[in-house]
Amino acid sequence: MGIHRRALAAFPLVALAIVGCGGGGSSDSTGVAATTETTPTLSKEELIAQGDAICAEVNAAVGTVSSTSSGATSQIAQRADLYRGMVDRLKGLGTPEDSAGYADFISAGEDLAQAEADVKLAAERGEESAVLAAQSAASSALASFQAAAQAYGFKSCGEGPSAPSVVSSPEEGSGEESSEASEEEAAPEEAEAAPETGGAGTGEGGGAAAGGGTESSGGGSGSGGIGPG
């Protein structure tokens, strides 16, 4: 009788153990595999073409910001945002097939973005001495970035920022040309008026010729007088 009671008491423990083992097996079967993101692979020529397009756009924007008359703090903030965006866009292009020197280029870009961010932070805090020091570091970082870009083969990324040049509209130039042309056309008309005065003089000369004709007729009369004698 004691043995039977002990068996009944042990039964729930065995059942719990079986359920526990079953639960462990089901949790293993529902695991989700981790996914990895891959960046596209570009040729060196493709990377340089796309990268230079980005740098040319940012160089023009930074040059425009630097030439505006807005506050210094606003200009610094815009420069920092532009360079940060440039580096992020360059990194998002993908991995080049020829990666020799590309890591140095990206590293120099990160240093430039960080240096410009330091200038922005110092300007926001109103620390003039810190701004000057950070700007000096940013200038050196920009030179290093340009050198790394040129070493890899970039063109626009190796150039400094500059505002786009303003080109005069063709309408202004055509207006000047048309006024000059009208002046040139007016000159021949004045020149043509001169021969009219000369023509009058020729008419007077014609009158003299008529007088000569009269002399000829007079001579003819003289010849008639000789005949009868």
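# Reading a predicted fold, feature by feature

Q: Let's start with one residue. At 25% relative accessibility, does A130 count as buried or partly exposed?
A: A130 counts as partly exposed, because its relative accessibility is 25% and buried means under 20%. Keep in mind as we go that this is a predicted model.

Q: Where does A130 lie, and how far is it from V119 in space?
A: A130 is part of helix α5. Its C-alpha sits 7.8 Å from that of V119, with 11 residues separating the two in sequence. V119 will come up again, as it is one of the residues lining the largest pocket.

Q: Before pockets, give me the overall layout. How many helices and strands are there?
A: The chain has six helices and two strands. Going along the sequence, you'd read α-β-α-α-β-α-α-α. Out of 229 residues, 22% count as buried.

Q: And what share of the contacts join residues at least 24 apart?
A: Take the contacts between residues at least 6 apart in sequence: 72% of them join residues at least 24 apart. K120, in helix α4, makes a handy example. The C-alpha atoms of K120 and A77 are 5.4 Å apart, though these positions lie 43 residues apart in the numbering. Leaving out residues up to four places away in sequence, K120 touches I76, A77, A80 and D81. With a relative accessible area of 23%, K120 is partly exposed.

Q: Now for empty space. What is the general idea?
A: You roll a probe the size of a water molecule over the atoms, and that shows where empty space is left. Here, the largest pocket holds about 160 Å³ of space.

Q: Which residues line the largest pocket, and which helices supply them?
A: The lining consists of A72, Q75, I76, R79, E116, V119, Q135, A138, S139 and L142. At least two of the lining residues come from each of α3 (72-91), α4 (102-125) and α5 (128-152). By class, you get five nonpolar, three polar and two charged residues. I76, which K120 touches, is among the lining residues too.

Q: How many cavities of 30 Å³ or more does the structure hold?
A: One. The largest cavity has about 40 Å³ of space, and its lining is made of C55, N59, Y83, L142, F145, Q146, S156, C157 and E159. The elements giving two or more residues to that lining are α2 and α5, with α5 giving the most, three residues. Sorted by class, the lining has five nonpolar, three polar and one charged. Notice L142: it lines the largest cavity as well as the largest pocket.

Q: C55 and C157 are both in that cavity lining. What joins C55 to C157?
A: A disulfide, with an S to S distance of 2.0 Å. The count for the structure is one disulfide. The link is right-handed, with 85 degrees about the S-S bond.

Q: Which parts of the chain does the C55 and C157 pair tie together?
A: C55 belongs to helix α2 (residues 44-67) and C157 to the loop between α5 and α6 (170-226), so the link ties parts 102 residues apart in sequence. Both cysteines are buried: C55 has a relative accessible area of 1%, and C157 comes in at 2%.

Q: What is the general idea behind a nonpolar core?
A: In soluble globular proteins, nonpolar side chains tend to be buried together. In this model the largest nonpolar core has 34 residues, and those with the most contacts inside it are M86, L90, F105, F145 and F154. At least two core residues come from each of α2, α3, α4 and α5, and α4 gives the most, with 10.

Q: Pick F105. Which residues is F105 in contact with?
A: Setting aside neighbours within four places in sequence, F105 contacts L90, F145, A148, A149, F154 and C157. So F105 meets a disulfide cysteine, C157, directly.

Q: And I48: where is I48 found, and what does I48 touch?
A: I48 is found in helix α2. Beyond residues up to four places away in sequence, I48 touches Y152, G153 and F154. The C-alpha atoms of I48 and Y152 are separated by 8.6 Å, while 104 residues part them along the chain. At a relative accessible area of 16%, I48 is buried.

Terms used: Residues are numbered from 1 along each chain as its sequence is written. This is a predicted model: local features need pLDDT of at least 70, side-chain atom pairs count only at pLDDT 80 or more; totals for chains, interfaces and linings use all residues. Side-chain values use heavy atoms; hydrogens and water are left out. On a 1 Å grid over the protein atoms alone, a cavity is a set of points where a 1.4 Å probe fits but cannot get out, and a pocket is an open set with protein on both sides within 12 Å along at least five of seven lines; lining residues have an atom within 4 Å of a point. Grid points are joined across faces, edges and corners, and a volume is the space filled by probe spheres set on the points. Helices (H or I, at least four residues) and strands (E, at least two) are DSSP runs, numbered from the N terminus. Ala, Val, Leu, Ile, Met, Phe, Trp, Tyr, Cys and Pro count as nonpolar, Asp, Glu, Lys and Arg as charged, and the others, Gly among them, as polar. A disulfide is a pair of cysteine sulfur atoms within 2.5 Å. Buried means under 20% relative accessible area, exposed over 50%, partly exposed in between (1.4 Å probe, protein chains only). A nonpolar core is a set of buried Ala, Val, Leu, Ile, Met, Phe, Trp, Tyr and Cys residues joined through side-chain atoms within 4.5 Å. Contact means heavy atoms within 4.5 Å.
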